[in-house]
Amino acid sequence: MESPFEILGVSPDADEDEVRQAYRRRAKETHPDQGGSKREFQRVKAAYETISEDELDEWEERRGGPRPRPRPEPEPAEPEAFQTEVEYLEYQVLDDYGWSLDDDDLFEKARRAGLDEADHGHFVVTGDDSLLEAAEDAGQSWPFSCRGGACANCAVAVVEGEMEVFVDHVIPPELSEKGIVLSCIGTPTTETMKVVCNVKHLPELEDLWLPPRPN
């Protein structure tokens, strides 16, 4: 089992300042928001607290009296997670109103039409959540199947804003250039987005459904 000094990466002879600096370094390295794990972060914190308590006990034994206890080091502040406000519109509404994905004022028309929340509304994507995950967290019933970028069931059309998509081998390049992406593997990278969901009904995507569309 590693000693507290090994966990912090310092010598048992390190002074108080060296231990404190090592703790700060290791806390940043292991913090969940910096790619570490909660378990490892707690392990580093416990190691620092153990060393600090042992040093105080030794000092009191040598000096024959209590030493003022230092204030505990504050935990590294968690950076605020990036957020994106998404305005969405259900694709099937376009047919009902005779609208098109190419309409420049598509979302203005949707606002004026007074659609209910199932067809038009807003939600927020936080951190690294996918667009699909955030929609579900907001109570939206977006279509999906594989959740791994292997079909077009969850496809959306990005009208405004940008998304980072992890390895999309499904959407043809000519549709990707028009803003068609998979919401199950897409994470917003802009503060606002406008998307048309459920575009799997586009004729170009019907052969990419799971399960395949019956003939």
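Begin by selecting Lys109, which in this predicted model is partly exposed, with a relative accessible area of 22%. Keep Lys109 in view and add Asp105, because the side chains of these two residues meet in a salt bridge, with a distance of 3.7 Å from N to O, which counts since the rule asks for a nitrogen within 4 Å of a carboxyl oxygen. Asp105 is likewise partly exposed, and its relative accessibility comes to 33%.

Next, select Glu108 and Arg111, two residues of helix H5 (residues 106-113) that lie 3 residues apart, about one turn of the helix. Their side chains form a salt bridge in which N and O are 2.6 Å apart. Glu108 is partly exposed at a relative accessible area of 40%, and Arg111 is partly exposed as well, at 35%.

From there, select Glu2, Arg25, Arg26, Glu29, Glu40 and Arg43 together, since salt bridges that share partners join these residues into one network.

Within that group, look at Glu2 and Arg43, whose side chains meet in a salt bridge of 2.3 Å, N to O. This pair connects distant parts of the chain, for Glu2 sits in the segment before helix H1 (4-8) while Arg43 belongs to helix H3 (residues 38-63), 41 residues apart. Is each of the two partners buried or exposed? Glu2 counts as partly exposed, with 41% relative accessibility, and Arg43 is also partly exposed, with a relative accessible area of 27%.

To finish, step back to the whole model, where the count of salt bridges comes to 11.

Key
Residues are numbered from 1 along each chain as its sequence is written. This is a predicted model: local features need pLDDT of at least 70, side-chain atom pairs count only at pLDDT 80 or more; totals for chains, interfaces and linings use all residues. Side-chain values use heavy atoms; hydrogens and water are left out. Helices (H or I, at least four residues) and strands (E, at least two) are DSSP runs, numbered from the N terminus. Buried means under 20% relative accessible area, exposed over 50%, partly exposed in between (1.4 Å probe, protein chains only).
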